[in-house]
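Dear colleague,

Please find below the sequence and structure that I am handing over to you. My notes on what was found follow directly after.

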Amino acid sequence: MIKKFNHIAIAVSDIEKSIPIYEVITGKKVKEILTVKEQGVKVAIFDIKGVLLELIQPLDLENPIAKFINSRGNAIHHIAYSVNDIEKTIKEYSELGYRMIGDKPRIGAEGKPIIFMHPKSSDGILMEFVEDKEE
Ligand code: ZN
């Protein structure tokens, strides 16, 4: 069903403070910093040999990521896997009784179709699936 890790997303309250820390730890320069207005977040991307590490900072206090940070502090927000065919993935998991958030994929920050599995189905961890045909 899944091919590999696509990215690990970490919620942070102050991305400018976090970036240099992650640059030292990973030994890599941040690859890209983008603002995703529709989701109300700023994202810093590190490329760790094809697996991305994404730091996500909410742009306002009403954002779900802000609420997440309020209760947990900086923490891993979700992990994402690459899949060949997102529609097929949704169908396969729903046949097994696993619930997604929404029933249709949407386009994620990288311009690829994504969907999240409901944490109630995935043992409390938010999981995302990204359609990535190239790998
Ligand atoms: Zn993600």
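**Nonpolar cores**

Leaving out residues up to four places away in sequence, V43 touches I15, E32, I33, L34, V36, E54 and L55. Please keep in mind throughout that this is a predicted model. V43 is also one of three residues, with V41 and I65, that touch the most other members of the largest nonpolar core, a set of 13 residues. The elements contributing two or more residues to this core are β1, β2 (32–36), β3, β4 (51–58) and α2 (64–72). There is a second, separate core of eleven residues, and Y81, I90, I115 and F129 are among them.

**Aromatic pairs**

How many aromatic pairs does a search of the whole structure find? The search gives five. One of these is the pair of F5 and Y81, which is stacked, with 5.6 Å from centre to centre and 20° between the planes. Because F5 belongs to strand β1 (residues 4–11) and Y81 to strand β5 (residues 75–83), this pair ties together parts that are 76 residues apart in sequence. As for burial, F5 has a relative accessible area of 40% and is partly exposed, whereas Y81, at 14% relative accessibility, counts as buried.

Another pair is formed by Y22 and F46; the ring centres are 6.3 Å apart and the planes stand at 40°, so this pair is tilted. Y22 is found in helix α1 (residues 15–26) and F46 in strand β3 (residues 41–48), so the pair ties together parts that are 24 residues apart in sequence. F46 has a relative accessible area of 0% and is buried.

Ring pairs also join F5, Y81, Y93, Y98 and F129 into a cluster. Two members of that cluster, Y81 and F129, were named above as part of the second core.

**The largest pocket**

The largest pocket has a volume of about 460 Å³. Its lining consists of 24 residues, and those that lie nearest the centre are Q39, I65, H78, R106 and F116. I65 therefore appears in two places in this account, since the residue was also listed for the largest nonpolar core. Which elements each supply at least two residues of the lining? They are β3, β4, α2, β5, β6 (100–107), β7 and β8. The largest share, three residues, comes from α2. By type, the lining residues divide into 13 nonpolar, six polar and five charged.

**Two buried loop residues**

G40 is placed in the loop between β2 and β3. With a relative accessible area of 11%, G40 is buried. Leaving aside neighbours within four places in sequence, G40 is in contact with Q57, P58, L59, D60 and N63. From G40 to H78 the separation is 38 residues in sequence and 17 Å in space, C-alpha to C-alpha.

S122 lies in the loop between β7 (113–117) and β8 (127–131). The relative accessibility of S122 is 6%, and the residue counts as buried. Apart from neighbours within four places in sequence, S122 is in contact with M117 and M127.

With kind regards

How values were computed. Residues are numbered from 1 along each chain as its sequence is written. This is a predicted model: local features need pLDDT of at least 70, side-chain atom pairs count only at pLDDT 80 or more; totals for chains, interfaces and linings use all residues. Side-chain values use heavy atoms; hydrogens and water are left out. Rings of Phe, Tyr and Trp (its six-membered ring) pair if their centres lie within 6.5 Å; planes under 30 degrees apart count as stacked, over 60 as edge-to-face and the rest as tilted. Helices (H or I, at least four residues) and strands (E, at least two) are DSSP runs, numbered from the N terminus. Buried means under 20% relative accessible area, exposed over 50%, partly exposed in between (1.4 Å probe, protein chains only). A nonpolar core is a set of buried Ala, Val, Leu, Ile, Met, Phe, Trp, Tyr and Cys residues joined through side-chain atoms within 4.5 Å. Contact means heavy atoms within 4.5 Å. On a 1 Å grid over the protein atoms alone, a cavity is a set of points where a 1.4 Å probe fits but cannot get out, and a pocket is an open set with protein on both sides within 12 Å along at least five of seven lines; lining residues have an atom within 4 Å of a point. Grid points are joined across faces, edges and corners, and a volume is the space filled by probe spheres set on the points. Ala, Val, Leu, Ile, Met, Phe, Trp, Tyr, Cys and Pro count as nonpolar, Asp, Glu, Lys and Arg as charged, and the others, Gly among them, as polar.
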